[in-house]
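Biologist: Could you open the model and talk me through it?

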Amino acid sequence: MTSLLATVAIPDLLVFLLGALLCLVGAVSILTVKNPVHAALSLVMTLFGIAVLFIELQADFLAAVQIIVYAGAIVVLFLFVIMFLGVDREEDLAVEPIVGQRPLAAVLITALMASIVALGLVGHFEVGPATQTGMLHGGAGNVADLGRSVFTTYLFAFEATAGLLIIAVVGAVVLARRNNPDDHVAESQVEELA
Amino acid sequence: MSIPLSWFIILATLLFGIGAFGVLVRRNVLVMFMCVELMLNAANLALVAFARSLNDVGGETTVFFVLVVAAAEVVVGLGIVVAIFRRRHSAVADELSEMGG
């Protein structure tokens, strides 16, 4: 461990530890807090920690997008829905719907994580030709690399995401729309089916 | 020298495990949804770490698309939660059991 610490620069180590601490504390508090609003705020903490780690990995653009899209848009959407529905009250965490659910989940998740770490230990990450989509330069050149890749190799996928976002917005409007009061027939049919 | 790849992978594994545990044990559908976001972010972290380690921009491009798909997924998912809440007046997953025997 000491030899490993000697090979890592102190500023890198500090940034990594800060990011890791933010991530893990936020993640554990999502599990343990009772109020959904507090869980959403813990999620912001985790997402911010991930952004710090992205900066440590020199993915500056993705760190900015992480803050803007996740912490800015997605968590605000979560908070909006929590307050819109009025479910921002405490939840009883002692209730266990299925007997032995939590120990079983803990065993399963521990096995999952152990198998991932074991795969990392026994596997050797040898890939074929070094890159299909282009080299990654550090620092400011990074955004240019990402942009070139998105607008050349992945241009079709990029255009398809535009369609996906439109479909998602239309779908959300259709799902969350309040039913028309005149629409009794459709409503009663749904009630019969339910 | 920068941080070794394995540290990031272990951290991503831990975050993914915490997220999966949350999906399994929490009862509020909104909190379960937040745990799914946690799992997505753990995968993103692993992708960026591998992109840096293998010096390949493909990993970062994938993370870019994952962000877009996650935004769409959250919009549709929360739409479904709102629609369920209108009908059932509950955001607890265990109470949505009318399909059960």
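**Surface, fold and aromatic pairs**

Modeller: Chain A exposes about 11,800 Å², and carbon and sulfur atoms supply 73% of it, with areas from the Shrake-Rupley method and a 1.4 Å probe. This is a predicted model, in which local features need pLDDT of at least 70 and side-chain atom pairs count only at pLDDT 80 or more, while totals for chains, interfaces and linings use all residues. Side-chain values use heavy atoms without hydrogens or water, residues are numbered from 1 along each chain as written, and chains are lettered from A and ligands numbered from 1 in the order written.

Biologist: How many helices and strands are in chain A?

Modeller: Chain A has eight helices and zero strands, counting DSSP runs of H or I with at least four residues, or of E with at least two, numbered from the N terminus.

Biologist: Switching topic, how many aromatic pairs are there over all chains?

Modeller: There are nine over all chains, where rings of Phe, Tyr and Trp (its six-membered ring) pair if their centres lie within 6.5 Å, with planes under 30 degrees apart stacked, over 60 edge-to-face and the rest tilted. One of them is the edge-to-face pair of A:Phe78 and B:Phe33, at 5.5 Å centre to centre and 80° between the planes. That pair crosses between chains, from helix α4 (residues 60-85) of chain A to helix α2 (residues 29-54) of chain B.

Biologist: Why does A:Phe78 count as buried?

Modeller: A:Phe78 counts as buried because its relative accessibility is 0%, and buried means under 20% relative accessible area, exposed over 50% and partly exposed in between (1.4 Å probe, protein chains only).
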